[in-house]
Structure formats: structure tokens, C-alpha cells
Amino acid sequence: MDVTLSVNGETHKLDIEPRVTLLDALRDRLGLTGSKKGCDHGQCGACTVLVNGRRVNSCLSLAVMHEDDEITTIEGIGMPDDLARLQQDFVECDGYQCGYCTPGQIVSATAAIEEAKLGWPSYVSPSLADMGELTDEEIAERMSGNLCRCSAYPGIRQAIARAAEAEDKA
Amino acid sequence: MRPFDYTRPENLEVASQALTDGATPIAGGTNLIDLMKLQIMTPEHVVDLTRLPGLSDIDGTPDGGMRIGALVSNSVLAGDPTVRRAYPVLARALLAGASGQIRNKATTGGNLLQRTRCPYFYDTAMPCNKREPNSGCSAQGGIARMCAILGTSPECIAAHPSDMAVAMRALDAQVEIRQTSGETRTLPVGDLYLLPGDNPAKEYALEAGEVITAVILPAPVSGARQTYRKVRDRASYAFALVSVAAVVKMDGDTIESAQLAFGGIGAKPWRDTEVEDVLAGEAPSDELFAKAADVLLRDAWTEESNAFKAPLAKRTLISALRDATGLSGETHFDMGDAA
């Protein structure tokens, strides 16, 4: 069936089967291979993209359900010649080894920082009224939907903390 | 994934007709799409409810309660300032569930209707009475770590996986349902679920074509303490082995009322008012809490691989009640109603 997808500010008209996931449409039809297929079951987070600014698992969503949505992939966050602040922090903090989970980590963290700015608490927030600082424990909890089999977690958390702090000062 | 027809109705009437004709509803899709990939569910027609108007709002009700539209996402509901202030047990339960990505997609109605995570329901090579009626139950004698110990039957020991629904049971939530006639009926959230009995494949007290449109919470119990305690195999993004939602109101040094619901141990989000009756009017003590737990577990039926859940549920309940009654001196938790 026909569907129009808006990805990284560009509109694409596609004719696809309803069973095609958003992830497969992005990778196989639009050539946006930054979003990765890890588990394909929503457990690893490698496929994370933004839909209308909110992070979701693109493997657990049907492309045909995203008519009129604004989709942002890692390619829309920053490219090698123009890295986003968070990408630069991942480089400087050694926030990866093999790099396969990294696009999902960065897209997810981009949205997680926004969620914290909205004051959304997490399961580990001492108070629901005021989430307080974005501590190491908060970052770990908020990023639990993204796995890293190289276990670069200390660097990932450090990079996110740096980017969040920089945004706070900005 | 098997091919299917996809439609996106513009109103509830059309959606309801499609469901009456056998279509499968989709909203967030975080559970259904997974089940379709694994061919545990193979619908021929999927009807997308996400663009239906009027189901995405959170409103106050005239009696001081709250109406939560069925399409409100789990993350928006957990982040809602009124939920955080007046129904903290619900906010905590939502935040205890899934991951940030999943909560952004998962809806209130879809969360209620999510399927069990029993490993044998997911393993199409194994018998499962819920997936394939009259094929048998592999969990009995198998790995039943994630399975229930209350409300089960010889046909099925699957647990209901929701955290949200457990908090809603403790809060006396009602489910608002649009009938095929267009009329609305409401049902206590506990009555939405059917126990497995001899037909584990029939899970809900819903007729074909009925649509959950909202969840309605009564006004919060003024001055009650609310807490959600979840025990799981890893610190985050895991289903409950045991969870306890507690809404407890004290009158001086005695317990005036306790509303308690349990996750991870029940064939449905579990509540047993006899447990609450043990506590009402009594002074809090570990002995009293242990007595309440023994009442909760009086009919528990365990497998070798989940026998640990009975003592774990007892300890988790005692711990949650120590917090909710003030016995532990724990200050790090949330009061309902900002009282």
C-alpha cells in the first residue's frame, strides 16, 4: 500500500506491504542503514529512532502506521563531517567498541536528555515531583532499553552526562 | 511475519465493526508486532486504532478522579503531573515497566491487553493451552520462573505481566468499554481478566467488537501512602518476579485501610481483599504483615522452579507494608494527594 514517510526532513512516497517494519523500510527501502537490526524484538535498542521527537524501537512498529509522523534517524542527528555534540562526546569518552549499538545509543540518549529536561522522573528518581540531577544511576536506568554487548557502559554513561551538562549550561 | 490487511478507521464505529468481523486491534504494537513476527499471532486483518479521535486525553472527573484515554502512552501517563502527585503508585508502576522506547509507544489500553510472557506461550515448538487449546501446558514441570502461583489452573499457570494494571487494581480503577451498540459500560479492572480455568485462550471479559476507550480512577484516598515494590531478575527492563502495589491509610498508630495488588504471581493482576481485612484496624508489625502474607498465599500452587515465589512474595509484601505504614521510617517515597 502507499505510504508517505517524512524522514530527517525529507518526504518519501513508498509502496510497501503492511507487514514491513519501520526499521526495514528505513534500511532496505530508503538506504538509511544507520539504524541497526540487533534483536528485531525491541530488547536491544539498536534500531532506536525518533518519532515526533520521542524515541521508539523502529523494529516494533509498522511503517504504514507512520504517515504524517516526523521520523529522525541517526543520519538526521549528525553525519561524520558534522557531528552532534553527543556523538563527539561518545568519541571522546570511548562510548563504544564495535560500534554496532552506537547509533541506537545516541538516538536514545538524545531523547532521554529531552525527557529529563521535561522533568519526567524515572524508576530510580527519589522523588516523582522533582527528578533532581541526571546522576549516573539515572542515566543507567533511562538507557536500559539499549544494550551494548561490548559493555562500553561506563563510557556511554559518561558521554551522556557530559552532553546533558553541556545542554544545561547552554 | 505473515501478510495481513491493514486498515485505519476514522471513528470507533468503523473500528468496532472491523473487530466484530474478526480483526485484531493494534495501538502501540510493541507486544502484537513481536507476537506476529514469531507467528504466535497471525491475524488476517489488523485494524489500527491509533488515529481514532478523543482517546488520547487525561482529564479530571467530577468526583475528583481521573479519566485516562486508552491511547495515552505509558510515558505520558507516568510523566503527568497529576498522576505523579495524586497516584504515585501508578507512576512508579509505569516507570518500573519496560524501557523508555517501549513506554513511548505502549498505550494504556494496549498495556491492559498485553499477552503473557510465559516462555512456552512464546515457543511455538512446545504445547501451550493458551496458544493452542488442548495441546497441554509445558510450564508445569518446565521452567516456570516467570509463571503464576495464584489463580492458575491445571490447564495454564501463565502470569499476567503488566505492572500498570497492578497499580490500577490497587487504585480501584474501572475500565470504560464501548459496546458494539455504541453504548458505554464500565468494569472494575480486575473483572476485565478471566482466570484460565479450563479455557486459558479466553483471557478477557470482552465481547467481539468491544473497544476499551478509557481507564477511570476514583479520587485518590486522601492522606494515604502509596508505594510500588518490584522484584525482578535484573535492575531494569525486566518483568516482575513479584511486585506489590500498596495504598495504605493510617489513623494514628493503626492501619485504617490497605489496598494491595500483586504482580508476577497471579494469573491476572492479583487482589485479595481478605489480605486487606487482616490489616485494617490493626497496629502495624512484622508479625501482622506476615499473617497478611500467609492469607495471600493460602491457596498458592507452586512448581519446583517457582516455589521461591511464595517466600519472595511474603518478604516483598512485608517490606512494602513496612514502608507504607511508616514502620520502616523510610522517607523516600511518595504520598498520594499531596496530603
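In this predicted model, Asn134(B) is found in the loop of chain B that runs between helix 8 (119–122) and helix 9 (164–170). With a relative accessible area of 74%, Asn134(B) is exposed, and its backbone also deserves a look, since phi of Asn134(B) is near 65°, a positive value in a residue other than glycine. A similar description can be given for a residue in the other chain. Asp94(A) has a phi near 55°, which is again a positive value in a residue that is not glycine, and Asp94(A) sits in the loop between helix 3 (85–92) and helix 4 of chain A. Asp94(A) counts as exposed, at 57% relative accessibility.

From these two loop residues we can step back to chain B as a whole. Chain B contains 13 helices and twelve strands. Its radius of gyration is 20 Å, close to the 20 Å that the globule rule gives for 339 residues, so chain B is as compact as a globular protein of that length. Taken along the principal axes, the C-alpha atoms of chain B fill a box of roughly 60 × 50 × 35 Å. Of the 339 residues in chain B, 57% are buried, while the surface that chain B exposes comes to about 13100 Å², with carbon and sulfur atoms supplying 48% of it. If we consider the contacts in chain B between residues at least 6 apart in sequence, 66% of them join residues at least 24 apart. As for charge, chain B carries 33 positive and 42 negative side chains, and the centres of these two sets lie 6 Å apart.

Within chain B, Asp59(B) offers a closer view of a strand, for it lies in strand 4, which covers residues 58–60. Is Asp59(B) exposed, partly exposed or buried? At 38% relative accessibility, Asp59(B) counts as partly exposed, because the class between buried and exposed runs from 20% to 50%. Once the neighbours within four places in sequence are left aside, Asp59(B) is in contact with Gly65(B), Met66(B) and Arg67(B). Sequence and space can also be compared here, as Asp59(B) and Ile216(B) are 157 residues apart along the chain, while their C-alpha atoms are separated by 9.6 Å.

Chain A can be read in the same order. Chain A has six helices and five strands, and along the sequence these follow the pattern β-β-α-β-β-β-α-α-α-α-α. The radius of gyration of chain A is 16 Å, close to the 15 Å that the globule rule gives for 170 residues, so chain A is as compact as a globular protein of that length. Its C-alpha atoms fill a box of roughly 45 × 35 × 30 Å along the principal axes. Among the 170 residues of chain A, 55% count as buried, and the accessible surface of the chain comes to about 7500 Å², of which 47% belongs to carbon and sulfur atoms. Of the contacts in chain A with a separation of 6 or more, 55% are between residues 24 or more positions apart. Chain A has 15 positive and 28 negative side chains, the centres of the two sets lying 4 Å apart.

One residue of chain A leads us back to chain B. Tyr123(A) lies in the loop between helix 4 (102–117) and helix 5 (136–142) of chain A, and it is buried, with a relative accessible area of 19%. Which residues does Tyr123(A) contact, leaving aside its neighbours within four places in sequence? In chain A there is Glu141(A), and in chain B there are Arg92(B), Leu95(B), Ala96(B), Tyr228(B), Lys230(B) and Arg232(B). By contrast with such contacts, Tyr123(A) and Leu22(A), 101 residues apart in sequence, are 29 Å apart in space from C-alpha to C-alpha.

The cysteines complete the tour. A disulfide is a covalent bond between the sulfur atoms of two cysteines. Over all chains, the structure holds zero disulfides. Cys44(A) is in no disulfide, and the nearest cysteine sulfur, that of Cys39(A), is 3.8 Å away. Cys44(A) is buried, with a relative accessible area of 14%. Why is the sulfur of Cys98(A) not bonded to the closest cysteine sulfur, in Cys150(A)? The two sulfurs are 3.7 Å from each other, which is too far for a bond, because a disulfide requires sulfur atoms within 2.5 Å. At 60% relative accessibility, Cys98(A) counts as exposed.

Note on methods. Residues are numbered from 1 along each chain as its sequence is written. Chains are lettered from A and ligands numbered from 1 in the order in which they are written. This is a predicted model: local features need pLDDT of at least 70, side-chain atom pairs count only at pLDDT 80 or more; totals for chains, interfaces and linings use all residues. Side-chain values use heavy atoms; hydrogens and water are left out. Helices (H or I, at least four residues) and strands (E, at least two) are DSSP runs, numbered from the N terminus. The radius of gyration is taken over C-alpha atoms; the globule rule is 2.2 Å times the number of residues to the power 0.38. Buried means under 20% relative accessible area, exposed over 50%, partly exposed in between (1.4 Å probe, protein chains only). Contact means heavy atoms within 4.5 Å. Accessible areas come from the Shrake-Rupley method with a 1.4 Å probe; for residues, only the protein chains shown count as cover. Lys and Arg count as positive and Asp and Glu as negative; His and the chain ends are not counted. The place of a charge is taken as NZ of Lys, CZ of Arg, CG of Asp or CD of Glu.
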